[in-house]
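Open the model in your viewer and keep the sequence panel visible. This tour goes from the whole chain to single residues.

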Amino acid sequence: MSLRHAVMAALLEGEASGYDLAKGFDASVANFWMATPQQLYRELDRMQAEGLVRARVVQQERRPNKRLFSLTEAGRGVLRDFTAAPPRPGAIRDELMVKVQSMDAGDAEAVRAAIEERMAWAQAKIARFERLRARMLDGRSEEEYLARAERVGPYLTLTRGLSFERENHRWGAWALAVLDRRSAAAGTPEDAPGPARARP
């Protein structure tokens with residue numbers, strides 16, 4: 001998979017500016033694919049040059065003119081071909097997990113703080129995804145939405161993102177509890193110096 005496939009998936013929602021796509025990535029596509037606004041704009045320019053998207057310029061009085069992008073038939077064809085091909089197995093590259101793996105020989109306090117930070121990040125994303133989920137359902141039950149919505153893919157990926165972040169938070173709480181028990185069993189005083197001291 002490349003960034004352009006994620007861009008084309010986002011454009012299935014309809015015509016959008018680069019700014020709109022960047023916001024949309026943060027709220028939805030970021031569940032499974034990360035990109036900076038600069039990467040998005042560069043990819044949009046390449047896709048336009050290749051005929052996968054078209055752009056129209058919207059004149060604005062008090063702001064710079066903006067380009068609105070939409071999928072071409074060629075772009076939809078590429079997206080159809082992409083969905084027909086078998087996906088490659090997923091792979092995790094998580095720097096925090098390498099730090100956790102190494103914490104017994106490293107700065108355990110810093111790793112603990114990193115776990116706490118990951119939990120806070122996960123909680124913030126959960127709240128954002130829940131707000132997006134409520135907007136998508138718009139008062140309907142999940143069963144009604146899944147049966148009648150014009151598109152179901154965005155909701156399915158949203159729930160996957162929710163599950164992922166909930167598991168991140170659950171694992172972080174469990175890992176901190178393990179560290180607390182080990183610290184208590186070792187009788188580490190609260191004011192002990194050194195990286196192995198666990199925070200309350």
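Among contacts in the protein between residues at least 6 apart in sequence, what percentage join residues at least 24 apart? The value is 57%. Keep in mind that this is a predicted model.

**The whole chain.** Colour the protein by secondary structure. Eight helices and three strands should appear, and along the sequence they follow the pattern α-β-α-α-β-β-α-α-α-α-α. Next, show the surface. The protein exposes about 13,200 Å², and 54% of this comes from carbon and sulfur atoms. Of the 200 residues, 31% are buried.

**The sheet.** Select strands E1 (16-17) and E2 (53-58), then add E3 (66-71). They form an open sheet in the order E1-E3-E2, with antiparallel pairing. E1 and E2 stand at the edges with a single partner strand each, so one side of each has no neighbour in the sheet. Now look between E2 and E3: these strands run antiparallel and are joined by six bridges. To see one of the pairings, pick Ala55, whose bridge partner in E3 is Phe69. Then bring in helix H1, which packs on the sheet and touches E1, E2 and E3. The direction of H1 makes about 95 degrees with that of E3.

**Helix H4.** Select residues 73-84. This is H4, a helix of 12 residues that reaches 16 Å from its first C-alpha to its last, close to the 16 Å expected. Which residues of H4 are buried? They are Gly75, Gly77 and Leu79. The cover over them includes helix H1 (3-11) and strand E3.

**The aromatic pair.** Show the side chains of Tyr145 and Tyr155. The structure holds one aromatic pair. The ring centres of Tyr145 and Tyr155 are 5.1 Å apart and the planes lie at 45 degrees, so the pair counts as tilted. Tyr145 belongs to helix H7 (residues 142-148) and Tyr155 to helix H8 (residues 153-186), 10 residues apart. Are these two tyrosines, Tyr145 and Tyr155, buried or exposed? Both are buried.

**A loop residue.** Finish at Asp138, in the loop between helix H6 (108-137) and H7. Most residues other than glycine have a negative phi. Asp138 has a positive value, with phi near 50 degrees. Its relative accessible area is 61%, over the 50% cut-off, so Asp138 is exposed.

Key: Residues numbered from 1 in each chain as written. Predicted model: local features only at pLDDT ≥ 70, side-chain atom pairs only at ≥ 80, totals over all residues. Heavy atoms only, no water. Helix = DSSP H or I, 4+ residues; strand = E, 2+ residues; numbered from the N terminus. Buried < 20%, exposed > 50% of the residue type's maximum accessible area, 1.4 Å probe, protein only. Contact = heavy atoms within 4.5 Å. Areas by Shrake-Rupley, 256 points an atom, 1.4 Å probe, with all protein chains shown as cover. Expected span 1.5 Å × (residues − 1). Phe/Tyr/Trp six-rings, centres within 6.5 Å; stacked < 30°, edge-to-face > 60°. Pairing = 2+ DSSP bridges. Axes fitted to C-alpha atoms, helices over the stretch in contact; angles between N-to-C directions.
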